[in-house]
Amino acid sequence: MFMKKMCFLIMFCLLNTVSISFAGDHKCGVCNMKIGEQSKHHVVLSDEAGSKAPLHVCSLSCVNKARKHDSGYSKSQVSDFNNPEKLLPGEDAFFLMKSEKIKQDLDDMAMPPFFGAFKTKAEADAAKKKYGDGVIVKGLGAALIEGGRK
């Protein structure tokens, strides 16, 4: 009987840990800012081997800081601007950068440089047309470079 109770307790703890870590709001692992569940500027960094816990970050500035502190974060996922509850592979996403008008559709906590990540180039082009400004680049690496340019 003791073993059954112990197994139940362990399973309960494991299930609750998983559901807590992937559902709801997160805090940026760099600056501790709240990242809402529907955030359109959420980035999740991880390492190739999967040996580190995923690092949730709120902005491109925090991505740079995280990678400067720990270069092992080589993989990334970003919120899909059109479906923020879904994550896209960072290097496959198309980023609308340098759009001053995109901020109106980001949450209040968005930090510059402002961006939107899209699944397809057509979606990024449509957003660029909607906002009337910006530069489209492919991949988080290119977005980090473009975001650092004046």
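Here is a walk through a small sheet, a helix packed against several elements, and some salt bridges in this predicted model.

Let's start with the sheet. Three strands make up an open, antiparallel sheet, in the order 8-7-9. Strand 8 (115-118) and strand 9 (135-138) sit at the edges, each pairing on one side only. From one strand to the next, the twist averages 25°. If you follow strand 7 (residues 94-97) across to strand 9, you will find 4 bridges joining the two antiparallel strands. To pick out one of these pairings, look for Phe94, whose bridge partner in strand 9 is Lys138.

Next, turn to helix 4, which covers residues 140-148. Its buried residues are Leu140, Ala143, Leu144 and Glu146. These residues pack against strand 3 (43-46), helix 2 (60-69), strand 5 (75-80), strand 7 and strand 9. That brings us back to the sheet, where strands 7 and 9 are paired with each other.

The contact with helix 2 deserves a look of its own. The axes of helix 2 and helix 4 come within 10 Å and cross at roughly 110°, which means that helix 2 is roughly perpendicular to helix 4. On the helix 2 side, the residues in contact are Leu60, Val63, Asn64 and Arg67, and they meet Leu140, Ala143 and Leu144 of helix 4. Sorted by class, this contact has 5 nonpolar, 1 polar and 1 charged residues.

Now for the charged pairs: the whole structure holds 4 salt bridges. One of them involves Glu146, which pairs with Lys98 at 3.5 Å between the closest N and O atoms. Because Glu146 lies in helix 4 and Lys98 in the loop between strand 7 and strand 8, the pair ties together parts that are 48 residues apart in sequence. Glu146 has 11% relative accessibility, so it counts as buried, whereas Lys98, at 31%, counts as partly exposed.

Another salt bridge joins the side chains of Lys52 and Asp70, at 2.5 Å from N to O. This pair also links distant parts of the chain, 18 residues apart: Lys52 is in the loop between strand 3 and strand 4 (55-57), and Asp70 is in the loop between helix 2 and strand 5. Lys52 is partly exposed at 28% relative accessibility, and Asp70 is partly exposed at 23%.

Finally, Lys121 and Asp125 form a salt bridge with their closest N and O atoms 3.1 Å apart. Both belong to helix 3 (residues 121-131), and because they are 4 residues apart, about one helical turn separates them.

Definitions and conventions:
Residues are numbered from 1 along each chain as its sequence is written. This is a predicted model: local features need pLDDT of at least 70, side-chain atom pairs count only at pLDDT 80 or more; totals for chains, interfaces and linings use all residues. Side-chain values use heavy atoms; hydrogens and water are left out. Two strands pair if DSSP finds at least two bridges between them. Axes are lines fitted to C-alpha atoms, for helices over the stretch in contact, and angles run from 0 to 180 degrees between N-to-C directions. Buried means under 20% relative accessible area, exposed over 50%, partly exposed in between (1.4 Å probe, protein chains only). Contact means heavy atoms within 4.5 Å. Angles under 35 degrees count as roughly parallel, over 145 as roughly antiparallel, 65 to 115 as roughly perpendicular and the rest as oblique. Ala, Val, Leu, Ile, Met, Phe, Trp, Tyr, Cys and Pro count as nonpolar, Asp, Glu, Lys and Arg as charged, and the others, Gly among them, as polar.
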